Amino acid sequence: MFTGLVERLGRVSAVNEEPPGRRIAIEAADWSAETPLGASVAINGCCLTVVAFDGPSLVFQAGPETLLRTNLGRLAVGSSVNLE
């Protein structure tokens, strides 16, 4: 269960268009080793599922509704995000 308390800060390392959504990679070196594929992670309060790993980054897919209704649609490489 998510507590609403930020556990770590991450940094967006890649944003790739995957119509109709986007694939977002977030560098979280200390988390990537301990977070399994399929884990749920709250990013800026929005729960997404880990779909892949890219070195020290966790990779997520966000659909069009998520991108429209959250601030995840405005993320760019280098953006800081709250992780829970």
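Helices are DSSP runs of H or I with at least four residues and strands are DSSP runs of E with at least two, both numbered from the N terminus. The exercises below concern a predicted model, in which local features need pLDDT of at least 70, side-chain atom pairs count only at pLDDT 80 or more, and totals for chains, interfaces and linings use all residues. Residues are numbered from 1 along each chain as its sequence is written, and side-chain values use heavy atoms, with hydrogens and water left out.

**Exercise 1. Overall architecture**

Determine how many helices and strands the chain holds, and in which order they occur.

Solution.
- Step 1. The chain has 2 helices and 6 strands.
- Step 2. Their order along the sequence is β-β-α-β-β-β-α-β.
- Step 3. The radius of gyration, taken over C-alpha atoms, is compared with a globule rule of 2.2 Å times the number of residues to the power 0.38. The chain has a radius of gyration of 12 Å, close to the 12 Å given by the rule for 84 residues, so the chain is as compact as a globular protein of that length.
- Step 4. The C-alpha trace spans about 30 × 25 × 25 Å along its principal axes.
- Step 5. Contact means heavy atoms within 4.5 Å. Among contacts between residues at least 6 apart in sequence, 60% join residues at least 24 apart.

**Exercise 2. Strand pairing**

Establish which strands pair with S2 and S5, and in what sense, where pairing requires that DSSP finds at least two bridges between two strands.

Solution.
- Step 1. S1 (8-18) and S2 (21-27) run antiparallel and are joined by 7 bridges. Arg-11 has Glu-27 in S2 as its bridge partner.
- Step 2. The connection from S1 to S2 is a hairpin through 2 residues. Pro-20 lies in this loop, and the peptide bond from Pro-19 to Pro-20 is cis, with omega near 10 degrees.
- Step 3. S2 also pairs with S5 (57-62), in the antiparallel sense over 6 bridges. Arg-22 stands opposite Ala-62, and Ile-26 has Leu-58 as its bridge partner.
- Step 4. S5 pairs in turn with S4 (46-54), again antiparallel, over 4 bridges. Asp-54 of S4 stands opposite Ser-57 in S5.
- Step 5. S4 and S5 form a hairpin with 2 residues between them, and Gly-55 in the turn has a positive phi of about 60 degrees.

**Exercise 3. Burial and the nonpolar core**

Assess how far S2 and S5 are covered, and identify the core residues that touch the most other members.

Solution.
- Step 1. Buried means under 20% relative accessible area, exposed over 50%, and partly exposed in between, with a 1.4 Å probe and protein chains only. Of the 84 residues, 37% count as buried.
- Step 2. S2 is mostly covered, with 5 of its 7 residues buried. In S5, 5 of the 6 residues are buried, so S5 is largely enclosed by the rest of the structure.
- Step 3. A nonpolar core is a set of buried Ala, Val, Leu, Ile, Met, Phe, Trp, Tyr and Cys residues joined through side-chain atoms within 4.5 Å. The largest such core has 19 residues, of which Ile-26, Ile-43, Phe-60 and Leu-83 touch the most other members. Two or more residues come from each of S2, S3 (40-43), S4, S5 and S6 (80-83).
- Step 4. Beyond four places in sequence, Leu-83 touches residues including Val-6, Leu-9, Ile-26, Trp-31, Val-41 and Ile-43.

**Exercise 4. Individual residues in and before S4**

Classify Asn-44, Cys-46, Cys-47 and Phe-53 as buried, partly exposed or exposed, and describe their settings.

Solution.
- Step 1. Asn-44 lies in the loop between S3 and S4. Its phi is near 50 degrees, a positive value in a residue other than glycine. Asn-44 is partly exposed because its relative accessibility is 26%.
- Step 2. The structure holds 0 disulfides (pairs of cysteine sulfur atoms within 2.5 Å). The cysteine sulfur nearest to that of Cys-46 belongs to Cys-47, 7.2 Å away.
- Step 3. Cys-46 counts as buried because its relative accessibility is 13%, whereas Cys-47, at 41%, counts as partly exposed.
- Step 4. Phe-53 is in S4 and, at 39% relative accessibility, counts as partly exposed. Leaving aside neighbours within four places in sequence, Phe-53 contacts Ser-32, Thr-35, Pro-36, Leu-37, Leu-58 and Val-59.
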